[in-house]
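Visitor: I am new to this structure. Could you walk me through some of its features, one step at a time?

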Amino acid sequence: MKKYSIFITLTFVFCINNTLFAQNNNIEINAFLNTETNEIEIQQKTIYYNKSNSILSEVYFHNWANAYKNKKTPLAKRFIENYSKQFHFSKNKFRGNTDISTIQIGNEYINWEESKKNPDILKVHLLKPLKPRDSIEISTNYTVKLPKDKFTNYGYGDLNFHLKYWYLAPAIYTKKWEVYNNLDMDDLYMDFTNYNINFTIPSTYDLVTDLDQNKTENKLTTTYKLKGINKLDVELIITQYNNYIKYNSRSTRIISNLNQTDLNTNLKTDILNRELLFLEKYFGKLSTNRLLISNVEYEKNPVYGFSQLPSFIAPYKETFEWDIKMFKILSKKYIQNQFIFNPRSDYWLQDGMQTYLMMKYVETYYPDIKAIGDMSKVWGIRKLHLSKVDFNSKYSFVYQFAARKNIDQSLTTRSDSLSNFNRKIVNKYKAGLGIKYLEAYVGEQTIFNAIKKFTNKHKSSITKSDSFLDDIETEKDLSLYKIDFLNSTRKADYTIKKIIKKQDSIDVLIENKSNISVPIQLYGVKDNEIKFTQWLNGFDSIKRFSVPKNGFDKLSLNYESLLPEINMKNNWKHVGSKLFHRPLQLKFLKDIENPYYNQIFYIPVLRYNYYDGAVLGLAFSNKTILNKSFIYKLSPSYSTKSKTFSGSYSFIYENLPENRKVNKFRIGIGGSNYHYAQNLTYNSITPFASVEFKRKSLRDVSSKVLAASLISINKQKPKVLTNHEESYKYNVFNLGYGYSNPNIITDFRYGANFQIANNFSKVSLTARYRKLTNANRQFDVRFYAGAFLKNNTESNFFSFALDRPTDYLFQYDYLGRSETSGFFSQQIIINEGGFKSKLPVPFANQWLTTVNTSVGIWRWLELYGDVGLVKNRGENVYFAYDNGVRLNFIQDILEVYFPVYSNLGWEVSHPQYSSKIRFVLVLNPKKIFNFVKRGFY
């Protein structure tokens, strides 16, 4: 093997496919940082070792700094998928790229490829084939223009440069080249490497790293000589404001700026020593003597529940919060420095071990910490069941939340195909719960031994998660775990059907209500104390088990929530006689589910309309934070203006089939009673059914829904009729189909609707296209067409509206639906004709077609224009048009329209122009929440 004096060479046993004798790749870098241009000039020599059995004719590098090149890269598209348009509309000077000058092997220049589709992957053609266990030296001269750190937190900031994935990193070859795009997932797949780096920076800056370092200084610059053996990616912080603390922790020194606390350094050092000792118990000591832990790394992988709370709410003690934050990142880096897993296709064990160790650490040192910390002691909250569950219960709760919404994904789904919610939270929790479940099933010591054995076999090598299961020494069958738990989203659901008491034993009939047959634990419980446990092997359908009487009054399945199960409310029964199996429990505010009670929650509600004024009431519901199959809601209320009682109700059954083309079936009935005009009430009753079709993937934000309803309206008549008799009591059957794809740059949606009633039937079609141009200006066009198939009505109440639908189905959020003048009459809901001006022909009793457009001028300032054709029986087609200025503050939620010119002429010159201004205002919290959560799950 050829020797290179500029590198320290390590020889180790490298396990991949067959055991091969190999060496680390070696990288030598000479780099100069220009802080004026935010560029790094780099000379790099890479010694690449072919550790495979294949002959290679090319070598691939990850060139992730080039992912910021333009708005067409995979990274740029990923930002859009994540509903972030910041990078898309940034100026070129804030983006980054890699400019390669030359690539050489020896003294000969060679060719390379960089595709437009994948500019962050570099293909280097070799002069001659590289045989197995041979090496080659590749020299590269290039310049990296750093991006602004506002995109991924990496790049240049105001006082510092945070460098990660800043150089050319050789890819891994197994049976193929494992190359992946930079998708802001912090998951570079590279082999352990030896580094020798000379990095020159201005003397006014410090360099922070976990590599060994020496430095030489002159008046203008400082050159750092950095060395690292058996390292992965090299992370460097170059800063004028060095807030990193070097902790004198045992065995491995920790360098971190995760310091947002008043805890003193000695206490934090003691905590770090405890954390390192805990991790060493499982994995042994790290081969590196330093670890860099940045606040950026934590912010990208926070402890959920800490970072989402306002700073003035401090439910956890400072010691606990800093300890758990640090342990999360430390345990992640500890595992990453032990093994190499493919981070895109094989991440479950790495994530699972980290979550499992988090749970074990809290069990060991903080067994009494509650899920919501000291908030569990606050009056009003301490009565909630949420206040009584421990910190580690959040893992099963979050998994259940995703599973019950049918938005969970298997642990073997590629990480770049996971939704943000699953990638960042749910799959990590599910993987950890899976290892915790195995611990209960095969024994704590068995899992501990398996982790130790796995570490000894695969330390400092590329490995696969499945190997861990092979290292679990047990006679119990784990095949179902491998097949069902890892590779599917099938949800476990066992229930105790019946208890039959005998003289000295109890027969228990247990039903498996799911299509997954994993083992489950049966408990005997008395006064919340476990009296006995028994593992039951997985089974289908119904099976009878016999247990001895043993001083318990309750039998429960999965009492400690060790099995990630979708429904635990049906898991238990009283052994003795009970008048009520589940007593009724009335609770204030929405809570998590308590399986031992039938819970009814009452929540204050507030709504407003012009006729009722402020509507104050209580909503009584069985809906917990987790989804349920059957949900009811009764909302009696009192209207402060009309001084009358009002309210609404709904009963909904929801079915979420697994692995089918349908995502959700819903059937139910709802109704309401409020005022529709001054001193006039209405009653609505609406039975309905809907089908929501499954998306292509959970990263797809599109949706398709087919819905049917029968709306029955009974309106109180005024003493003197102001409208035709037909508009006070009627029934309408409505069938509709809707498709939407609300991408943040290109939003497209359409819908078709059919309605039939006693005296009319009609069809309509709506389509809308919204596009943000390259200048970040919005172009919005909407098309509407509606026609009556039959129309025997005597008024315009059921006609197509040009500017303000009558809303005879009571489905829009009108604040003053019957107003024809004044402020509330100016509220507009963009439906049907979608016009903003009030024109002489406001209705169509035969057919209507319109086109609504708007074009962005600056930020939320837009110009709009509408054209349409209105056809009434016995009249000529009326050509309608209007235009004006639109203030689009929040799309479809808060907008204001100022008419300028229309069929009426120059409206700005008309008297009382302020009465012509129209506005969109949505006060519905659910619609606002759906707008905010786009792209998360």
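Visitor: Which residue of β13 stands opposite Phe-61?

Guide: Keep in mind that this is a predicted model. Strands β5 and β13 pair in the antiparallel sense, over two bridges. Opposite Phe-61, in β13, stands Pro-170.

Visitor: In what order do the strands of that open sheet of four lie?

Guide: The pairing in this open sheet is antiparallel. β8 (112–113) and β13 (169–170) have a single partner strand each, so one side of each is left without a neighbour in the sheet. These two therefore stand at the edges. The order is β8-β9-β5-β13.

Visitor: Which lysines gather in the patch of positive charge on the surface?

Guide: Lys-72 is one of them. Lys-72 lies in the loop between β5 (56–62) and α1 (74–81). The full group is Lys-72, Lys-77, Lys-116 and Lys-117.

Visitor: Is Lys-72 buried or exposed?

Guide: The cut-off for exposed is over 50% relative accessible area. Lys-72 has 61%. That makes Lys-72 exposed.

Visitor: How many of the residues of strand β3 are buried?

Guide: Strand β3 covers residues 25–34, which is 10 residues. β3 is largely enclosed by the rest of the structure, because most of its count falls on the buried side. The number buried is seven.

Visitor: Which residue of β16 stands opposite Ile-27?

Guide: β3 pairs with strand β16 (residues 193–202). The sense is parallel, and there are eight bridges. Facing Ile-27 in β16 is Tyr-195.

Visitor: Which residue takes a positive phi in the hairpin of β3 and β4?

Guide: β3 also pairs with strand β4 (residues 39–49), this time in the antiparallel sense over nine bridges. Within that pairing, Phe-32 stands opposite Glu-41. The hairpin has four residues between the strands. The residue with a positive phi, near 60°, is Asn-38.

Visitor: Which residue of β12 is the bridge partner of Gly-155?

Guide: Start with the strands. β11 (residues 155–156) and β12 (residues 160–163) run antiparallel and are joined by two bridges. A hairpin of three residues links β11 to β12. The partner of Gly-155 is His-162.

Visitor: What stands opposite His-162 in β20?

Guide: β12 pairs with strand β20 (residues 236–239) as well. That pairing is antiparallel and has four bridges. Opposite His-162 stands Ile-237.

Visitor: How many salt bridges does a search of the whole structure find?

Guide: Side chains of opposite charge can pair when their charged atoms come close. The search counts a side-chain nitrogen of Lys or Arg within 4 Å of a carboxyl oxygen of Asp or Glu. Over the whole structure, the total is 48.

Visitor: How far apart are the closest N and O atoms of Asp-416 and Arg-414?

Guide: Asp-416 counts as buried, at 17% relative accessibility. Arg-414 counts as partly exposed, at 33%. The two form a salt bridge, and their closest N and O atoms are apart by 2.9 Å.

Visitor: Which residue forms a salt bridge with Arg-768?

Guide: The closest N and O atoms of this pair are 2.7 Å apart. Arg-768 lies in strand β43 (residues 760–772) and its partner in strand β44 (residues 778–791), so the pair ties together parts that are 12 residues apart in sequence. Both partners are buried. The partner of Arg-768 is Asp-780.

Visitor: Which residues do salt bridges with shared partners join into one network?

Guide: Take one bridge first: Glu-895 pairs with Arg-886, the closest N and O atoms being 3.1 Å apart. Glu-895 is buried, at 1% relative accessible area, and Arg-886 counts as buried at 2%. Shared partners give one network of Arg-768, Asp-780, Glu-862, Arg-886, Asp-892 and Glu-895.

Visitor: About how much accessible area does the nonpolar patch on the surface have together?

Guide: The patch is formed by Phe-630, Leu-634, Phe-651, Tyr-653, Ile-667, Ile-669 and Ile-685. Two or more of its residues come from each of β36 (630–639), β37 (644–655) and β38 (662–677). Together the patch residues have about 590 Å².

Visitor: How does Tyr-653 count, at 42% relative accessibility?

Guide: Tyr-653 lies in strand β37. Buried means under 20% and exposed means over 50%. At 42%, Tyr-653 counts as partly exposed.

Terms used: Residues numbered from 1 in each chain as written. Predicted model: local features only at pLDDT ≥ 70, side-chain atom pairs only at ≥ 80, totals over all residues. Heavy atoms only, no water. Patch = residues over 30% accessible without salt bridge, like charges linked within 9 Å, V, L, I, M, F, W, Y side chains within 5 Å. Areas by Shrake-Rupley, 256 points an atom, 1.4 Å probe, with all protein chains shown as cover. Lys, Arg positive; Asp, Glu negative; His and termini not counted. Charge placed at Lys NZ, Arg CZ, Asp CG, Glu CD. Buried < 20%, exposed > 50% of the residue type's maximum accessible area, 1.4 Å probe, protein only. Pairing = 2+ DSSP bridges.
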